[in-house]
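Thanks for asking me to look this over. Here are my notes, set out point by point so that you can follow along with the structure open.

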Amino acid sequence: FLNLGLGARPMAMGGAFTAIADDIGALTYNPAGLGLIAETQGFFLHQRWIADLSYSFLAATQPIPGAGAVALGGLYLGGPPLEGFDQGNLPTGEFNASEGLFSLGYGQRLLRRFSAGGSIKLAQQKIAQESASAISFDAGLLYQFHPQVRAGLFLGNLGGRVRLIEDTARQASVVRLGLSGRTLDGRTQAS
């Protein structure tokens, strides 16, 4: 669930937002883009998925004059109770399963053409009476080659290990490199 898409604009582009990331979506796609945000922004998403899964995301960003911008976000994925079975395939009753994520990000324009940013994330999974949590980090860079051409680098889910009952797993790290171009009238041509 850490790699689910957020936001109409990034999702309409198939998630190719690494080099664009100039709105609140930067918190998830490339935190360096937070440094490009000039006004307070808020975002709320709620989706119903197959099998009655519910997916919600709430985020806000606040620019700091002359010092970039900070963003907070929270994500929840859950659904109706599930039927449990033991090893002999006998019913054991219903249980709930859910996942959540809280993130805090910061981005700043360091030079006229260069921005950097990062975020810290706390992810939690809960299945019946068992729960697991992990802290991970995201980092991003943006470079403006030309007013119409920008490149971006995103490193996500760095350092997180999840332990649930007796199993330990590392969160899947993500590396994305993007290049975006705009037409002379400012519309994104490709990313």
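1. How many buried residues are there among the five residues of strand S5? The count is zero, so to speak a strand that is hardly covered; S5 spans residues 91–95. Please keep in mind throughout that this is a predicted model.

2. Let us stay with S5 for a moment and look at its partner. Strand S4, residues 82–85, runs antiparallel to S5, and four bridges join the two. Within this pair, Phe85 stands opposite Pro91. S4 and S5 make a hairpin with five residues between the strands, and here Asn89 takes a positive phi near 65°.

3. Now for the overall picture. The protein has two helices and 13 strands. Along the principal axes, its C-alpha atoms fill a box of roughly 65 × 30 × 25 Å. The protein has 191 residues, of which 37% count as buried. Among the contacts with a separation of 6 or more, 48% come from residues 24 or more positions apart.

4. A word on surface and charge. About 10,800 Å² of the protein is exposed, and carbon and sulfur atoms supply 60% of that area. The protein carries 14 positive and 13 negative charges, and the mean positions of the two sets are 16 Å apart.

5. Which residues touch the most other members of the largest nonpolar core? They are Leu6, Leu34, Tyr55, Phe57 and Leu75, out of 20 residues in that core. Helix H2 (26–29), S2 and strand S3 (69–78) each supply at least two residues of this core. S3 gives the most, with four residues.

6. One of those core residues, Phe57, also turns up in a strand pairing. Leu45 stands opposite Phe57 in S2. The strands concerned are S1 (residues 41–48) and S2 (residues 54–63), which pair in the antiparallel sense over eight bridges. S1 and S2 form a hairpin with five residues between them.

7. The loop of that hairpin deserves a look of its own. Ala51 has its place in the loop between S1 and S2, and its phi is near 60°, a positive value in a residue other than glycine. Most residues other than glycine have a negative phi. Is Ala51 buried or exposed? Ala51 counts as exposed because its relative accessibility is 64%, and the cut-off for exposed is over 50%.

8. Leu53 is found in the same loop as Ala51, the one between S1 and S2. With a relative accessible area of 30%, Leu53 is partly exposed. Leaving aside neighbours within four places in sequence, Leu53 is in contact with Gln47, Arg48, Gly78 and Gly79. Leu53 and Phe137 are 84 residues apart in sequence, and their C-alpha atoms are 26 Å apart in space.

9. Phe137 comes up again in the surroundings of Ser119. Ser119 is found in strand S7, residues 114–127. What does Ser119 touch, not counting residues up to four places away in sequence? The list is Leu27, Pro31, Leu104, Gly105, Ser136, Phe137 and Asp138. Ser119 counts as buried because its relative accessibility is 5%, and buried means under 20%.

10. Asn157 is another residue to check by its backbone. Asn157 lies in strand S9 and has a positive phi of about 55° although it is not a glycine. Its relative accessible area is 3%, so Asn157 is buried. Ala51, by contrast, also has a positive phi but counts as exposed at 64% relative accessibility.

11. Last, the loop that leads into S9. Pro147 lies between strand S8 (130–146) and strand S9 (149–158). At 60% relative accessibility, Pro147 counts as exposed. Pro147 and Arg182 are 35 residues apart in sequence, yet their C-alpha atoms are 8.3 Å apart in space.

Note on methods. Residues numbered from 1 in each chain as written. Predicted model: local features only at pLDDT ≥ 70, side-chain atom pairs only at ≥ 80, totals over all residues. Heavy atoms only, no water. Buried < 20%, exposed > 50% of the residue type's maximum accessible area, 1.4 Å probe, protein only. Contact = heavy atoms within 4.5 Å. Areas by Shrake-Rupley, 256 points an atom, 1.4 Å probe, with all protein chains shown as cover. Lys, Arg positive; Asp, Glu negative; His and termini not counted. Charge placed at Lys NZ, Arg CZ, Asp CG, Glu CD. Pairing = 2+ DSSP bridges. Core = buried A, V, L, I, M, F, W, Y, C linked by side-chain atoms within 4.5 Å.
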